[in-house]
Structures are given as C-alpha cells and as structure tokens.
Amino acid sequence: MTLRLDGRVAVITGAGAGLGRQHALLLAKQGAKIVVNDLGGSVNGVGGDHAAADKVVAEIKAMGGEAVPNYDSVTSAEGGANIIKTAVDAFGKVDILVANAGILRDKSFAKVELSDFEAVFNVHYWGTVHTARAAWKLMNEQQYGRMIFTTSVAGTSGNFGQTAYGSAKEGMLGLMRVLAIEGRKNNVLINAISPGALTRMTDNLGMDDDFMKKLDPGLVSPAVAWLASERCDVTANVITAAAGGFGRVHYFETRGVQFDYTKPVTVEMFDEAFARIADLTTADPTTAGTEGKMQERLDTLGK
Ligand code: NAI
C-alpha cells in the first residue's frame, strides 16, 4: 500500500484555478498522470476560456509530469463522458476522479432566481453525477477506483444566502454514501473533502483578511492525495481541510425513546420525551446500509 500515485490516472474537474489546480499539481508530484479539466468561466459560471486548463497542464509538464487538458463543462452527460474519455484516450484508463468544479450564485432564498438555483445544481450536483457516472463502470471493472467529491460547510452546517449551493453540496453527500455501498466490493472508494481556502471564489466574501491569509489552497490538497491513494481504505468519509487543520464530519443519531407500538402514541408523549429524543450526548455515529437505531430501540421493549 503506497501513498505514491505512480501509474495512476487522475481526472480533476475545475483544475484550472484555485483548489483544483493545487490538487492537480500535488497528484502529479505524487506520480499520477493528470486530466486537467476546466471550462475556464467566471466565478458565477459565465463564459469559457481554454487558457485556464492549458496553463496548469504547462505547469505540470514543466515539473516533469504528464498531463492533458479537457475543456468540457461538467454540466452535461456528454461533457462528463468526454472528460473521462479524455483520460482513457490519453492514458488508457481512469483510477481517480476529483470532482471539484464549482461556481457561486449567493442570494437569500427570497431573492434567488430558479435559474441561479439550477446553474448551481448543474455544476456542483449534476457535475459530480455526470463525471462519476462516466467513470463508474470503468473503475468497477478494473476493481480499483478512488473518487473525491468536494462538499462545503454550507451544506454540512448551513450558511446564509447559500440555499442552492448548500443543498447541492449536501445532495452530493447522499450520492457519496450510496455509491460507497455499491462500490466497496470492487475497491471503488468514495469520499469527500470540505475545504476552506483563499481562492477567487472566497476572495470577495468580506471575510477577515488575517483569517483568509491562513487559507492557502495548497494546504487542502494533502487530504485529497491521501484519499486518492492505495493507502486510503475508508469510504463515505467527509474530511474537513483548511489552513493545515483536518477533521471529519459525520451524522450521529441519539439513543432516543421507544414507546410500546401496540398502544397509541400521543403528541403529549412525544412532547414529554423530546428532550431525551434530541439529547446529542447519547448519540452514536450512523452506519451505512442499516436502518439506524430502529431495531436497537425495539429491542429495549420488555426489558
Ligand atoms: P475557483 O473558482 O478558484 O475554482 C473553480 C474552478 O471550477 C474554476 O477554474 C472554474 O473555471 C471551474 N468550473 C466552474 N464551472 C465549471 C464547469 N461547468 N465545468 C468545468 N469546470 C468548471 O474556486 P475554488 O475555491 O477553487 O473551488 C473549488 C471547489 O471547492 C468548488 O467546488 C467549491 O464549491 C469548493 N469549496 C471551496 C471552498 C473555499 O473555501 N474556496 C469552500 C468550500 C467548498
């Protein structure tokens, strides 16, 4: 089991700038051959320019690595298929997918247009689906794959003005958890990072300058390189990464209460028990592919 990525082929979406560029440079340094995908549009997803992907390909080649550009948008099934085809055509396979491409259209729910909502979902949620779907069969057939999705604290914790962005980012974690169950038997592991980094996306959000200076995007990439390696043996993990600090986000469920289901359960009973139902000090991590604590609670009946 190695941390090196020699012989591996990695596709990184949105790799022409910010976090994706840093992931591409580090994965190349670790020995992977890289498809640098980038549409080259603006932060809010308008326009396109080949220069973004071309520049990062040139940087990788200058340090002795192998890379090819791809300029497709992740927002269509054809785009997703072509991004993965670029890897197969250039390098014969795909081992790693880093779904990183992103845009922002921040507005409060009262003001957000459906077109903004759709644009954000098309890049973050559907862009992850389209690229993962195109790589899925290949990775399962070769019995090796590492996918790293890019979520956000806006999804896992919520953030004002980011209804579209937050729900797309949380939606992809549902996708990750189910794919993790379906891919595990074939050594196809799906994890996510929740980054914090100073990039063009976060540069104008009015956050404290001293705080933002600590958020070098290169400090996020070691987590991605580890999750992309053979050494990674976890799936459905969400890893936070910012300013050289790393952690893990997970759902927990409380012990809760169990009433006798053969008798009426009233609103008053729920009301009386609510403090115990919601008491996080009794919570345990949820486990994939189970019904949660349902059976455990039923087992307490009659004890
Ligand atoms: P960025 O704006 O510097 O980079 C995003 C890249 O994605 C750009 O190069 C852009 O051209 C590309 N892109 C956008 N739409 C595309 C499409 N349809 N097809 C292909 N490429 C496309 O932003 P940053 O900060 O590097 O963001 C990278 C990812 O990290 C995004 O998914 C973002 O939501 C996520 N993220 C970033 C955080 C931060 O603190 N910077 C915090 C949480 C999540």
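Biologist: At what angle do helix α3 and α4 pack?

Modeller: Happy to start there, keeping in mind that this is a predicted model. Helix α3 covers residues 77–91, and its axis runs 7 Å from that of α4. The two pack at an angle of about 45°.

Biologist: Are α3 and α4 roughly parallel, roughly perpendicular or oblique to each other?

Modeller: Let's use the angle, which is about 45°. Angles under 35 degrees would count as roughly parallel, and 65 to 115 as roughly perpendicular. The crossing of the pair is right-handed. By those cut-offs, α3 and α4 are therefore oblique.

Biologist: Now to the ligand: which oxygen or nitrogen atom of it pairs with the side chain of Ser-73?

Modeller: The side chain of Ser-73 offers an N or O atom 3.0 Å from the ligand. Polar contacts count within 3.5 Å. The ligand's partner in this pair is a nitrogen atom.

Biologist: How far is a polar side-chain atom of Tyr-165 from an oxygen atom of the ligand?

Modeller: Tyr-165 is among the residues that come nearest to the ligand, as is Asp-38. Arg-200 also has a side-chain N or O atom by a ligand oxygen, at 2.8 Å. For Tyr-165 the distance is 2.6 Å.

Biologist: How much of the ligand's area does the protein bury?

Modeller: Good one to ask next. Taken alone, the ligand exposes 820 Å². Elements giving two or more residues to the shell around the ligand are α1, α4, α6 and β6. By class, that shell has 11 nonpolar, 16 polar and four charged residues. Of the ligand's area, the protein buries 96%.

Definitions and conventions
Residues are numbered from 1 along each chain as its sequence is written. This is a predicted model: local features need pLDDT of at least 70, side-chain atom pairs count only at pLDDT 80 or more; totals for chains, interfaces and linings use all residues. Side-chain values use heavy atoms; hydrogens and water are left out. A residue is near a molecule or strand if one of its heavy atoms lies within 4 Å of it. A polar contact is a pair of N or O atoms within 3.5 Å; within protein, one must be able to donate a hydrogen and the other to accept it, and residues adjacent in sequence count only if both atoms are side-chain atoms. Accessible areas come from the Shrake-Rupley method with a 1.4 Å probe; for residues, only the protein chains shown count as cover. Helices (H or I, at least four residues) and strands (E, at least two) are DSSP runs, numbered from the N terminus. Ala, Val, Leu, Ile, Met, Phe, Trp, Tyr, Cys and Pro count as nonpolar, Asp, Glu, Lys and Arg as charged, and the others, Gly among them, as polar. Axes are lines fitted to C-alpha atoms, for helices over the stretch in contact, and angles run from 0 to 180 degrees between N-to-C directions. Angles under 35 degrees count as roughly parallel, over 145 as roughly antiparallel, 65 to 115 as roughly perpendicular and the rest as oblique. A crossing is left-handed if the near helix is turned anticlockwise from the far one by less than a right angle, and right-handed if clockwise.
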